[in-house]
Amino acid sequence: FVRGVVDSDDLPLNVSRELLQENRLVAQIRGGVVKRVLDMLEKLVTERPQDYANFWKAFGNTLKEGIAEDNSNRERIAKLLRFASTAGEDASQSTSLDDYVGRMREGQSAIYFITADGYKAAAGSPQLESLKSRGIEVLLMHDRIDEWMSGYLHEFAGKPLRNIAKGELDAGALADGGDAGTDPVADAGEQVSSDVLVERLKSLLGSAVSDVRVSRRLTESPACVVTAEHDMAMHMQRLLREAGHEMPATAQVLEINPAHPLLSQLVATADDERAGDLARVLLDQAIVASGGVLDDPADFVRRLNRLLIAPAAS
């Protein structure tokens, strides 16, 4: 996105005189040009923020490539990035990482973010519920390049970046001393009930999931799926499949909210067939909410229709 003229006494060209040969001089020129461009952008941020906002709309995704491709300038480039956030009210990408760090709660140790294929999918993700209920800001990364870029941006200003849809969510270090959400297993009786529910879901879903556990992410939704810490997000797996790439099948972790009425129905259902339909619909809904694609949408519809028609257990 920058055009200019570089004056040099000597430039090593290939035999056809069309391409530069890679050598120390070219590396010095490249480094000098990148430094000048970053200086210019940092000045633009400070002195003409609206002009930088316009630049970001046009070339933000191009700048994000630098996070992966230019390790020596990664910190400077990271300061120039802009994201949507749960602290905002729309999809505008106006929050910098410096802004986020400045608003972090006392005792908060990580920068939380989520990637999705679109702003609405990110803002409506069930994985946000617990952190939002605690007033903890989450960056909403909804450009397609963000999932790839976040694999290279591991920390900023000494704070690790954590994708809230991957791995175990540990917010226990927060200043209020609580965990990442409401704890649905507050006493021994509820713990036993939740353990029974988890075991029943594991039995009903079998190999469709790698594990079932009580969630600390959820406050309103019945369930969500969570990928492993270093696995690709489900929406990115879907995009790569659509582009013709082969993606290995991976079983997701299903996290549940035992306090939700749908889980209460499953507990009260003695009919194994109905319980199986409930369990599978919960899983399929969670997959769709995470940007994944169902292997058998028709089966999902049939199960849902059976649940809508049949009376619920009393």
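This is a short tour of the model, one selection at a time.

**Before you click**

You're looking at a predicted model, where local features need pLDDT of at least 70, side-chain atom pairs count only at pLDDT 80 or more, and totals for chains, interfaces and linings use all residues. Residue numbers start from 1 along each chain as its sequence is written, and side-chain values use heavy atoms, with hydrogens and water left out.

**The whole chain**

Start with everything shown as cartoon. The protein chain has twelve helices and eight strands; these are DSSP runs numbered from the N terminus, helices being H or I of at least four residues and strands E of at least two. Its C-alpha atoms fill a box of roughly 85 × 45 × 30 Å along the principal axes.

Switch on the surface: about 17,100 Å² is accessible, and 51% of that belongs to carbon and sulfur atoms. Those areas come from the Shrake-Rupley method with a 1.4 Å probe, and for residues only the protein chains shown count as cover. Of the 314 residues, 42% are buried (buried is under 20% relative accessible area, exposed is over 50%, and partly exposed is in between, with a 1.4 Å probe and protein chains only).

Contacts, meaning heavy atoms within 4.5 Å, reach across the sequence: among those between residues at least 6 apart, 69% join residues at least 24 apart.

**Select 209-214, 223-226 and 252-256**

Here you have an open, mixed sheet of three strands in the order β6-β8-β7. The edges are β6 (209-214) and β7 (223-226), each pairing on one side only. Neighbouring strands are turned by 25° against each other on average, direction ignored; the axes are lines fitted to C-alpha atoms (for helices, over the stretch in contact), with angles from 0 to 180 degrees between N-to-C directions.

Strands count as paired if DSSP finds at least two bridges between them. β6 and β8 (residues 252-256) run parallel over five bridges, while β7 and β8 are antiparallel and joined by four. To check the register, find Val 214 opposite Ile 256, Arg 213 with Glu 255 as its bridge partner, and, from the other edge, Val 226 opposite Val 253.

Now show the side chains of β8. In a regular strand, side chains alternate between the two faces of the sheet. On one side of β8 are Gln 252, Leu 254 and Ile 256, on the other Val 253 and Glu 255, and all are buried.

**Stay on Glu 255 and add Arg 217**

The side chains of Glu 255 and Arg 217 meet in a salt bridge, 2.8 Å from N to O. The term means a side-chain nitrogen of Lys or Arg within 4 Å of a carboxyl oxygen of Asp or Glu. Glu 255 sits in β8 and Arg 217 in the loop between β6 and β7, 38 residues apart. Both ends are buried: Glu 255 has a relative accessible area of 3% and Arg 217 has 1%.

**More salt bridges**

The structure holds 21 of them. Select Glu 137 and Arg 103 next: their closest N and O atoms are 2.7 Å apart. Glu 137 is in the loop between α6 (129-133) and β3 (139-141) and Arg 103 is in helix α4 (residues 97-103), so this pair ties together parts 34 residues apart in sequence. Glu 137 is buried at 11% relative accessibility, whereas Arg 103 is partly exposed at 43%.

Then move to Arg 303 and Asp 277, which come within a salt bridge of 2.9 Å, N to O. Arg 303 is in helix α12 (residues 297-309) and Asp 277 in helix α11 (residues 272-289), so parts 26 residues apart in sequence are tied together. Asp 277 is buried at 4%. Add Asp 299, Arg 302 and Arg 306, and you have a salt-bridge network that links them with Asp 277 and Arg 303.

**Select Leu 204**

Leu 204 is in helix α8 (residues 188-205) and is partly exposed, at 28%. Leaving out residues up to four places away in sequence, Leu 204 touches Leu 266, Asp 272, Ala 275, Gly 276 and Ala 279.

**Last stop: Phe 59**

Phe 59 is found in helix α2 (residues 49-69) and is partly exposed at 32%. With Phe 1, Val 2 and Met 40, Phe 59 makes a nonpolar surface patch of about 370 Å². Patches are made of residues with over 30% relative accessible area and no salt bridge, joining like charges within 9 Å and nonpolar side chains (Val, Leu, Ile, Met, Phe, Trp, Tyr) within 5 Å.
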